[in-house]
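Visitor: I should like to be guided through this structure, with the reasoning set out at each step.

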Amino acid sequence: MLKKASLIFTMIALSTATALAQDPAYTTAEFRSEFAAAHFEPNSTKLTPQSSAALDSVAVILKRNPEQHRYEVHGHTCPDAGTQDASARSSVQRVEAMVKYLRSNGVPTANITTVINPPSGITAAGCTRDRRVEIMLVETRQVEVKPEPVAIPEPTEAFETEPVLMPTVPPPASVPKFADTAAAQGKQAVAIYMAGDEPKGAQGVHKIMGGELARVISGSESYLAVDRTEIILEQLAKEHTYQRSGAVDDDQIKALGQQLGVQYLCISDINPVGKRYYLDTRLVDVVTAEIMRSVTETSALKDAEDMSRIARSIALELIEPEATRNARLLKKKIFRYTAIGLDILGAGAIAYGIIENNNVVKYKEEAAKEPESWRAAERRNIAYIAGGVILAGGITIHILF
């Protein structure tokens, strides 16, 4: 009788555990990921020029779908007791300055929460995060509540054997919110990855170019992009074969695409060549690891404006349709050859003016040829004026186009 009761109890426990595994409970949970970061001048609430330029690009993304996203602006304090109060005040002021800057760029601040983090425990000598303010993306996802493990006793009379723990079903993988946002807009998601080491002579180029590439690509009809450089670096750093060279193999591309929930990776690598920099940017399909389009440029990257300009040029070449690209290149070629033609024509007119000027001097030496001298002077002046105007037109086309 006792054995029969033991068997019935075991069957009930097994059926209960199976029901829990097949019908798990779900709840909502918040997940935070760093979206952007900014630095301030020492002992100041003024943003560094690189951070200001990067935030201008980030603001464009923050203004999209404000009802679907929440953001937190995080400040930090220094752990040293002697400067704790001052550090806390500075952190509050910098966080307020960040929110004010975003508001001035048209970002709705209703969904932005400010957070002042306590000291992280590091020494005052190593306290560097107190001048850093991050914008964190807060995503709400549905996650599984794992059921409590059920102990299943062996069907013996004493019920004293070691309990057996029933396995639980792992939680389902959640789709990143960014992919959902892109799909809702009828676009394909693109993750920006600024690969390789940032050149020492072009500090801030990764942040500025990453933000500008994301802004311009997101402005197209087909793509929605976001800078995921830091997240990609963290993932690649876990691999023993990874080196900070910018190289990403096909398997890594496919794995990153699945983890980030994107259809494409935009990989940009910057290398110094003499006094300039060679930029190689590729748009890669994460399913096939095929390079859909590749753009190369050279630039001095002398300031934030130059970095932004070259990023816009690269982004447009990456995303524009083939017909549009061919039309733009044809137009550019027409302007270039027109400018060269005007240069030659203008230079020729000025050279003719120089010849006529020599005639003016020669005719003036002979009194009988005074009329010829006047006519030569008129031709000289006309040649100089016409040549200057034509040459200026050619130079203008060179600059503008």
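The questions and answers below concern a predicted model.

Visitor: How many helices and strands does the secondary structure of the chain come to?
Guide: The chain has 401 residues, of which 39% count as buried. Its secondary structure comes to 10 helices and 11 strands.

Visitor: In what order do the 5 strands of the open sheet stand?
Guide: Strands of a sheet pair through backbone hydrogen bonds, either parallel or antiparallel. In this open sheet of 5 strands the pairing is mixed. The twist from one strand to the next averages 20°. The order is β8-β7-β9-β10-β11.

Visitor: Which strands stand at the edges of that sheet?
Guide: An edge strand here has a single partner strand, so one of its sides is left without a neighbour in the sheet. The strands in that position are β8 and β11.

Visitor: Which helix packs on the sheet?
Guide: The helix touches β7 (188-195), β8, β9 and β10. Its direction makes about 165° with that of β8. It spans residues 205-218 and is helix α5.

Visitor: How many bridges join β9 to β10?
Guide: The strands β9 and β10 run antiparallel. Within this pairing, V273 stands opposite R276 in β10. The number of bridges joining β9 to β10 is 10.

Visitor: Which residue takes a positive phi in the hairpin of β10 and β11?
Guide: Strand β10 (residues 276-285) and strand β11 (residues 291-299) run antiparallel and are joined by 8 bridges. In this pairing, Y278 stands opposite T298 in β11. The hairpin has 5 residues between the strands, and the one with a positive phi, near 65°, is A289.

Visitor: Why is the pair of Y223 and Y264 classed as it is?
Guide: The count of aromatic pairs comes to 1. The ring centres of Y223 and Y264 are 5.7 Å apart, which is within the 6.5 Å limit for a pair. Their planes stand at 80°, and an angle over 60 degrees gives the class, so the pair is edge-to-face.

Visitor: Which parts does this aromatic pair tie together?
Guide: Y223 counts as buried at 13% relative accessibility, and Y264 is buried with a relative accessible area of 10%. The two residues lie in separate strands, so the pair ties together parts that are 41 residues apart in sequence. Those parts are strand β8 (residues 223-227) and strand β9 (residues 264-273).

Visitor: Over the face of which residue does R336 lie?
Guide: R336 is at 5.3 Å from the ring centre, and the limit for a charge over a ring is 6 Å. The residue whose face lies under R336 is Y337.

Notes. Residues numbered from 1 in each chain as written. Predicted model: local features only at pLDDT ≥ 70, side-chain atom pairs only at ≥ 80, totals over all residues. Heavy atoms only, no water. Helix = DSSP H or I, 4+ residues; strand = E, 2+ residues; numbered from the N terminus. Buried < 20%, exposed > 50% of the residue type's maximum accessible area, 1.4 Å probe, protein only. Pairing = 2+ DSSP bridges. Phe/Tyr/Trp six-rings, centres within 6.5 Å; stacked < 30°, edge-to-face > 60°. Lys NZ or Arg CZ within 6 Å of the ring centre and 35° of its normal. Axes fitted to C-alpha atoms, helices over the stretch in contact; angles between N-to-C directions. Contact = heavy atoms within 4.5 Å.
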